[in-house]
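Student: Could you take one part of this structure and look at it closely with me? I would like to know how its side chains sit, and then what surrounds them.

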Amino acid sequence: MIEERYQLVMERISQIPGENTAAEKFRPYFRKTAEFILLLDRLKENIDSGAYRKLSLEDLEQWNQKLYEDILPEHYETSYANPAYAQEKLGEEYGQILSFLYTELRGGIVWVFEQHTEYLDILYELFVEIYNCFEDEGSPDEGELKKIIYWYASDYCDVFVADRVLEQIDPSERFAVDIIENSDLSDYRYLYYFGEYISENEIRTAKHLMSLPEEKIQKMADVYTEGYRIGFVNTGKDLSKKSTVNIRYVLGFERVIKAAIENFAKMGLRPIIYRAAVSGLTKRGTAKVGYCGGNPNKQYDYDHRNDQGLFLNKRFTERKLEVIKTVYERHKDLAAGLAGPAVMETFGEKPFSPEPKEEAISLTEKQEEQQLLFDSRSGQLTNQYIKGEERSFTIIAYPVPEIGEKYEEIFDEVVKINTLDAKLYTKVQQTIIDALDQGEYVRVIGGNGNRTNMKVQLFPLKDPEKETIFENCVADVNIPVGEVFTSPLLEGTEGTLHVSRVYLNELQYQDLEFTFADGMITGYRCGNFENEEEGKNYIRDNILHKHPSLPLGEFAIGTNTTAYAAAKKYKIEDKLPILIAEKMGPHFAVGDTCYSWSEDIKVYNPNGKEIVARDNSLSVKRKEDVSKAYFHCHTDITIPYEELEKIAVVTGDGREIVILEQGKFVLPGTEILNEPLKNTNK
């Protein structure tokens with residue numbers, strides 16, 4: 001039946017390029033979109049027959065170019081995927097709808113590779129239904145078109161959303177795993193088997209890994225998987241109860257991932273490797289959760305981050321939550337077996353600052369409330385079936401070739417950073433913690449133009465002999481080594497947090513500033529745009545995630561001066577991911593604490609002291625109403641050493657113990673951390 005539907009809808013679509021039944025201004029849109037679908041049909045024939053994997057490297061490159069060329073920056077200005085162009089050519093009442101449709105149909109690329117013919121049927125039938133509304137040179141009612149889009153989203157929620165949940169917990173979904181395990185990884189043609197956009201970054205990464213000896217690949221895999229295992233050990237969680245691990249990475253690292261799969265197998269864990277979402281029904285903003293290839297155009301992602309605004313309402317939210325709960329309930333054993341994500345990030349791309357477009361779909365105030373409600377309730381569902389107190393994670397990051405001419409050298413330096421001596425850092429960081437544990441609050445003062453002036457209120461210790469405020473973080477869940485962190489008290493935490501430039505979740509922020517009172521954000525701004533309101537909206541969408549305010553969920557002091565020195569040496573400070581950048585100075589996280597969903601699990605430092613600062617006055621509300629306890633986001637913002645005047649802890653009797661001054665560690669016992677800084681540019 002699925003194949004019969006496909007043949008029928010393709011027969012109809014094949015006629016559209018030659019028809020002139022739509023009004024003249026709409027014909028180019030429907031012709032181009034139909035031709036794109038016909039291109040996918042030819043691709044499907046090649047893949048279904050097995051011919052695609054026999055193609056030459058040159059032919060595979062040509063296919064990849066054809067599939068993605070329309071949204072590449074050099075073509076995007078005249079693409080119907082660009083809502084500004086679509087509105088200009090198709091009219092204000094139709095531009096957003098038809099740009100959404102074109103973008104949704106582009107998801108068909110990956111469904112062809114995964115041979116999900118049912119998904120193609122649904123997408124193509126939606127296209128024909130919309131086209132029918134424009135036949136006989138009609139000008140359809142905008143509301144009628146939106147109704148069609150709404151029922152597409154609602155009716156097929158139990159297909160797209162249900163399958164999305166299942167692929168996140170079911171190890172029998174092996175599309176990516178089979179490519180990794182069964183391909184010749186010395187022939188980088190395999191990169192084109194995934195269906196993702198393949199840029200120079202993925203090709204050169206794969207080539208570089210091909211050049212490395214097996215022992216180095218194994219070392220990279222061991223650091224990654226051992227950090228994951230130690231994360232369970234350090235938090236007292238039983239890994240033996242788990243059966244699967246979710247591996248998230250960017251294409252090009254398959255040699256390391258293959259070795260990691262073998263390591264995880266020795267722990268009794270099967271891999272789950274699912275693709276980053278491509279449908280408006282399952283995407284969340286610009287986030288890429290899952291494996292992905294190169295990003296053909298970040299502006300394209302940004303323009304379509306709120307596409308669900310066409311159909312998001314209370315009824316759809318309830319429908320989506322019902323589907324998620326049903327899938328989890330039917331597969332509760334699979335969900336319970338998931339140990340959590342093991343993430344391999346990349347960094348080094350040119351920093352991106354988006355162009356806001358009024359033509360792009362935006363969420364109304366009511367829709368934003370629905371989105372926040374959905375995030376809260378879906379988070380609760382996830383925690384019900386994949387319990388926070390039983391799961392863990394790990395994250396590690398490597399550079400991509402776009403980082404610069406010295407890519408290979410920088411790559412080797414990052415491998416070194418990711419494998420630093422944890423024992424040395426454990427000892428030095430404990431010295432810092434011993435000082436911090438004496439404090440009532442910490443004062444962080446910026447310098448060299450940095451306007452930071454923060455007072456961070458610390459959790460009071462009842463038994464300093466057995467308890468501690470800060471966690472001594474070495475290379476387990478957050479690789480590399482190098483930070484001590486805490487969940488500060490909200491009450492009494494206040495001041496200004498400022499950083500001249502930072503790169504968060506692939507977006508660049510300039511002159512970023514927050515103000516706090518009683519631990520909550522009371523104001524924010526940035527210098528990305530001439531219009532200050534656009535800057536506020538940028539922060540609200542991408543850091544506050546549409547919440548009116550967020551708490552200060554974490555305060556930390558990074559100690560990885562080796563990473564800092566490398567960043568200065570290669571001039572890549574603005575390209576480092578927060579995973580490494582947070583280890584290169586003090587950082588403040590807005591959102592949930594590091595212990596969210598696991599606050600009741602006792603955790604200990606290597607010296608045996610229990611870390612008692614796991615809650616704040618908001619997270620503790622989980623005991624009465626969990627919907628008021630969590631914000632489902634956590635964004636770290638780091639102040640680099642050179643922008644620091646002083647970090648000092650102030651004791652109850654008014655004594656000040658200085659930890660850093662003028663960008664250098666001055667606390668006795670921490671001087672060794674200054675060694676890598678001696679050769680950095682001042």
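Tutor: Let's start with C633, which counts as buried at 8% relative accessibility; buried means under 20% relative accessible area, exposed means over 50% and partly exposed lies in between, with a 1.4 Å probe and protein chains only. Keep in mind that this is a predicted model, in which local features need pLDDT of at least 70, side-chain atom pairs count only at pLDDT 80 or more, and totals for chains, interfaces and linings use all residues. Residues are numbered from 1 along each chain as its sequence is written, and side-chain values use heavy atoms, with hydrogens and water left out.

Does C633 have a bonding partner, or is its sulfur too far from another? The closest cysteine sulfur belongs to C594 and lies 13 Å away, so it is too far for a bond. C594 itself is partly exposed, at 37% relative accessible area. Its own closest cysteine sulfur, in C473, is 8.4 Å off, which is again too far for a bond. A disulfide is a covalent bond between the sulfur atoms of two cysteines; here one is called when two cysteine sulfur atoms are within 2.5 Å. Across the whole structure, the search finds zero disulfides.

Next to C633 in the sequence is H632, found in the loop between β15 (610–611) and β16 (634–638). Helices (H or I, at least four residues) and strands (E, at least two) are DSSP runs, numbered from the N terminus. H632 also counts as buried, at 18% relative accessibility. Apart from neighbours within four places in sequence, H632 is in contact with R284, D375, S376, G379, D592 and W597, where contact means heavy atoms within 4.5 Å.

C473 gives us a bridge to another part of the chain. F127 and C473 are 346 residues apart in sequence, and their C-alpha atoms are 52 Å apart in space. F127 is found in helix α8 and counts as buried, at 0% relative accessibility. Leaving out residues up to four places away in sequence, F127 touches I13, I16, F30, T33, A34, I37, L101 and L105. F127 also belongs to an aromatic cluster with F26, Y29, F30, Y80, Y85, Y94, Y131 and F134. Rings of Phe, Tyr and Trp (its six-membered ring) pair if their centres lie within 6.5 Å; planes under 30 degrees apart count as stacked, over 60 as edge-to-face and the rest as tilted.

I13, one of the residues that F127 touches, is a buried residue of helix α1, along with Y6, V9, M10 and R12. These buried residues cover an arc of only 160° around the axis, which puts them on the same side of α1; the arc is that of the directions from the helix axis to the C-beta atoms. On the other side of α1, E4 and L8 are exposed. The buried residues of α1 pack against α2 (27–49) and α8. Y6 also has the charged end of K44 over its ring, 4.6 Å from the centre; a charge sits over a ring if NZ of Lys or CZ of Arg is within 6 Å of the ring centre and within 35 degrees of the ring normal.

Helix α8 also takes us to α10. The search of the whole structure finds 43 aromatic pairs. One of them joins Y119 and F160, a tilted pair with 4.9 Å centre to centre and 45° between the planes. Y119 in helix α8 and F160 in helix α10 are 41 residues apart, so this pair links distant parts of the chain. Both rings belong to buried residues, with relative accessible areas of 5% for Y119 and 4% for F160.

What does the rest of α10 look like? Helix α10 (residues 157–167) is mostly covered, with nine of its 11 residues buried. Among them are C157, V161 and L166. The buried residues of α10 pack against α7 (108–113), α8 (117–134), α9 (142–155), β2 (270–272), α16 (314–330) and α17 (332–336).
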